[in-house]
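Here is a short briefing to read with the structure open beside you. Take it one topic at a time, and look up each residue as you go.

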Amino acid sequence: MTRARETGDIILEQIPHVLEEGHTITRTDILVEGSPIEAIPRIRFKPDQYEFEDGPRIEAAFRRFFHRAHFEQTTPSHEVIVCHANVIRYFVCRATQNPPEGWLRMSLANGSITEVVIEPNGQVYVMGVGDKGHLPADMITFN
């Protein structure tokens, strides 16, 4: 999670008003990289045990961060989640109600941006997945 924490710190440097306005910054190990569920088609890069250990944790993270607004909420809220690509790919599958087993069918560059919008009525829109246009070409990496 070191790279994700470093990336989060870089983002905070660019948007210092977030801290000045009293927004909450939370660091949590629930977003640590892992193997969320067996991928289909099956691609083995970790032993099976990781899916049983990582999967429930990553699913809990999804449920914590991806939900409808509270019925009394009247203004939009914004969350910036900085974590590894495996977690993001799983979140995108779950948020769009696609089979989560397809999480490895997407490729995300390091430092890329994925935007998911959840309307107050629960409607979900993916505005972009793995956008890397802000990175110089020589800095784009995938592992």
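The notes below cover one helix and its surroundings, then the core, the aromatic rings, the charged pairs and the cysteines.

Please keep in mind that this is a predicted model. A good place to begin is helix α4, which spans residues 85–95 and is largely enclosed by the rest of the structure, because nine of its 11 residues are buried. Helix α4 also gives seven residues to the largest nonpolar core, the largest share of that core.

**Helix α4**

- The buried residues of α4 are N86, V87, I88, R89, Y90, F91, V92, C93 and A95.
- N86 sits in this helix and has a relative accessibility of 6%, so N86 counts as buried.
- The N86 side chain has a polar partner: it makes a polar contact with the side chain of R89, at 2.3 Å.
- After α4 comes Q97, a residue whose phi is positive, near 60 degrees.

**The nonpolar core**

- As a general point, nonpolar side chains in soluble globular proteins tend to be buried together.
- In this model, the largest nonpolar core is made of 17 residues, and L31, V87 and F91 have the most contacts inside it.
- Two elements, α3 and α4, give two or more residues to this core.
- Of these, α4 provides the largest share, with seven residues.
- If you select V87 and set aside its neighbours within four places in sequence, you will find V87 in contact with L31, V32, E33 and I58.

**Aromatic rings**

- Searching the whole structure turns up three aromatic pairs.
- One of them is F62 with F66, a stacked pair with 5.1 Å centre to centre and 15 degrees between the planes.
- Both partners are buried: F62 has a relative accessible area of 8%, and F66 has one of 16%.
- F62 also pairs with F91, and this pair is tilted, at 6.0 Å centre to centre with 50 degrees between the planes.
- Because F62 lies in helix α3 and F91 in helix α4, their pair ties together parts that are 29 residues apart in sequence.
- F91 is buried as well, with a relative accessible area of 4%.
- Taken together, ring pairs link F62, F66 and F91 into a cluster.

**Salt bridges**

- Side chains of opposite charge can pair when their charged atoms come close.
- In the whole structure, the search finds five salt bridges.
- R5 and D29 form one of them through their side chains, at 3.0 Å from N to O.
- This bridge links distant parts of the chain: R5 belongs to helix α1 (residues 2–14), while D29 is in the loop between α2 (17–20) and α3 (49–65), 24 residues apart.
- R5 is partly exposed, with a relative accessible area of 28%.
- D9 makes a salt bridge with R27, and their closest N and O atoms are 2.4 Å apart.
- Here too the pair links distant parts of the chain, with D9 in helix α1 and R27 in the loop between α2 and α3, 18 residues apart.
- D9 and R27 both count as partly exposed: the relative accessibility is 33% for D9 and 46% for R27.
- D54 and R57 meet in a salt bridge between their side chains, at 3.4 Å from N to O.
- These two residues are separated by about one helical turn, because they are three residues apart in helix α3.
- D54 counts as buried, at 9% relative accessibility.
- Beyond these pairs, E59, R63 and R94 are joined into one network by salt bridges that share partners.

**Cysteines**

- How many disulfides does the structure hold? There are zero.
- C83 is in no disulfide, and its nearest cysteine sulfur, which belongs to C93, is 13 Å away. A disulfide requires the two sulfur atoms to lie within 2.5 Å, so a pair at that separation does not qualify.
- C83 is buried, with a relative accessible area of 12%.
- C93 is likewise in no disulfide and counts as buried, at 5% relative accessibility.

How values were computed: Residues numbered from 1 in each chain as written. Predicted model: local features only at pLDDT ≥ 70, side-chain atom pairs only at ≥ 80, totals over all residues. Heavy atoms only, no water. Helix = DSSP H or I, 4+ residues; strand = E, 2+ residues; numbered from the N terminus. Buried < 20%, exposed > 50% of the residue type's maximum accessible area, 1.4 Å probe, protein only. Polar contact = N/O pair within 3.5 Å; in protein donor to acceptor, adjacent residues only side chain to side chain. Salt bridge = Lys/Arg side-chain N within 4 Å of Asp/Glu carboxyl O. Core = buried A, V, L, I, M, F, W, Y, C linked by side-chain atoms within 4.5 Å. Contact = heavy atoms within 4.5 Å. Phe/Tyr/Trp six-rings, centres within 6.5 Å; stacked < 30°, edge-to-face > 60°.
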